[in-house]
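Okay, thanks for coming, everyone. Let me put the model up on the screen, and then we'll walk through it together.

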Amino acid sequence: MGNSKSIIALILCAGMISSTGISSVAAQSRNSRHFRNDSFPGRGITPVQNNRNNNISQNSRSTLPTGTNVPTIYAEDRNATRIYVTKEETLPLTLTVDRDIRNNNNNIVIPVNSRIRGEIRPARNRRGSLFVGRTIIYPNGTEMPIDIESNVVTRTEVIERGGNSDSVWQGALAGAAAATLISGVTGNRVISTEKILGGAGLGALAGLFLRQGPSSAEVISFDTRRDLDLTLRSSLSY
């Protein structure tokens, strides 16, 4: 009888230990699952909301609004102070951004040395000319469309026959049409090809040399130090 009571007591004791162990393991398992969820916030609803907010924030940080000023230079010849075009001339041109352009969050959207490809063209009312940019090329080679323009330039220079040709060309570049016109007035048939923009060489002037040139020529003169500041006409995101 005594032995039977001892056996029963041992069985009850073992059951209590087993129940406690199972409860402990279950608790540890729940804690372990909770820890894993905390350690990997990619799971669950809250991290998804955070990711969405982060995307919105990133889009906001990488946008420049309409009206943003973008100063540029003609980097192919940093010594050039003027660019001549005729009133009717369209001149393909690529300008280089002169400094980092940041948005309101102080994030760089257009890095320095980005290039803007476009053209100098007559203004819509034909009173002056302006630069119109249509493609931006980032330093890493990425190209994107852009809607950007300069102010309309109405400043002109009149070149008279018999004037000093060297002074006309000092610090100046010109489109092929303007170079042809100037050469016809000054009689200078030797113009460095580096002075002529748009891919034209001296061959573009050959027809003019066969006849008497005009007594004067009026060309539009872009000041490279102030007329190449551009303005976004629509927002730019990158």
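I'll go through the sheets, then the cores, then a few individual residues.

Some housekeeping before that. What we have is a predicted model, where local features need pLDDT of at least 70, side-chain atom pairs count only at pLDDT 80 or more, and totals for chains, interfaces and linings use all residues. Residues are numbered from 1 along each chain as its sequence is written, and side-chain values use heavy atoms, with hydrogens and water left out.

Right, sheets. When I say helix or strand, I mean a DSSP run, H or I of at least four residues for a helix and E of at least two for a strand, numbered from the N terminus. Two strands pair if DSSP finds at least two bridges between them.

So, which strands close into a barrel? There are 6 of them, in the order 2-4-7-8-9-14, and the pairing is antiparallel. On average, neighbouring strands in this sheet are turned by 45° against each other, ignoring direction. For those angles, axes are lines fitted to C-alpha atoms, for helices over the stretch in contact, and angles run from 0 to 180 degrees between N-to-C directions. If you want one pairing to look at, take strand 4 and strand 7, which are antiparallel over 6 bridges. There, P92 has E119 in strand 7 as its bridge partner.

Then there's an open sheet of 5 strands with mixed pairing, ordered 10-13-3-11-12. Strand 10 (156-160) and strand 12 (196-197) sit at the edges with a single partner strand each, so one side of each has no neighbour in the sheet. Strand 10 runs antiparallel to strand 13, and 5 bridges join them. You can find I159 standing opposite A217 in strand 13.

Now the cores. A nonpolar core here is a set of buried Ala, Val, Leu, Ile, Met, Phe, Trp, Tyr and Cys residues joined through side-chain atoms within 4.5 Å. Buried means under 20% relative accessible area, exposed is over 50%, and partly exposed is in between, with a 1.4 Å probe and protein chains only.

The largest core has 29 residues, and I83, L93, I110, I116, I120 and F222 touch the most other members. Among the elements giving two or more residues to this core are strand 3 (82-85), strand 7 (115-122) and strand 13 (216-223). Strand 4 gives the largest share, 4 residues. Apart from that core lies another one, of 13 residues, including Y84, V168, A179 and I182.

Where's helix 4? At residues 176-186, and 8 of its 11 residues are buried. Those include A179 and I182. Just after helix 4, G187 has a positive phi of about 80°.

Next up, aromatics. Rings of Phe, Tyr and Trp (its six-membered ring) pair if their centres lie within 6.5 Å; planes under 30 degrees apart are stacked, over 60 edge-to-face, and the rest tilted. How many aromatic pairs does the structure hold? It holds 2. In one, the ring centres of Y84 and W169 are 6.4 Å apart with the planes at 65°, so that pair is edge-to-face. Y84 is in strand 3 and W169 in helix 3 (residues 165-169), 85 residues apart. Y84 is buried at 1% relative accessible area, and W169 is buried at 7%.

Then Y138 and Y238 make a stacked pair, 4.0 Å centre to centre, with 10° between the planes. Y138 is in the loop between strand 8 and strand 9, while Y238 is in the segment after strand 15 (236-237), so the pair ties together parts 100 residues apart in sequence. Is each one buried or exposed? Y138 is buried, at 3% relative accessibility, whereas Y238 is partly exposed, at 41%.

Now over to D227, in the loop between strand 13 and strand 14. D227 is buried, with a relative accessible area of 12%. Its side chain joins that of R155 through a polar contact of 2.7 Å. By polar contact I mean a pair of N or O atoms within 3.5 Å; within protein, one must be able to donate a hydrogen and the other to accept it, and residues adjacent in sequence count only if both atoms are side-chain atoms.

Last stop, N106, in the loop between strand 5 (101-102) and strand 6. Its phi is near 65°, a positive value in a residue other than glycine. N106 is exposed, at 51% relative accessible area.
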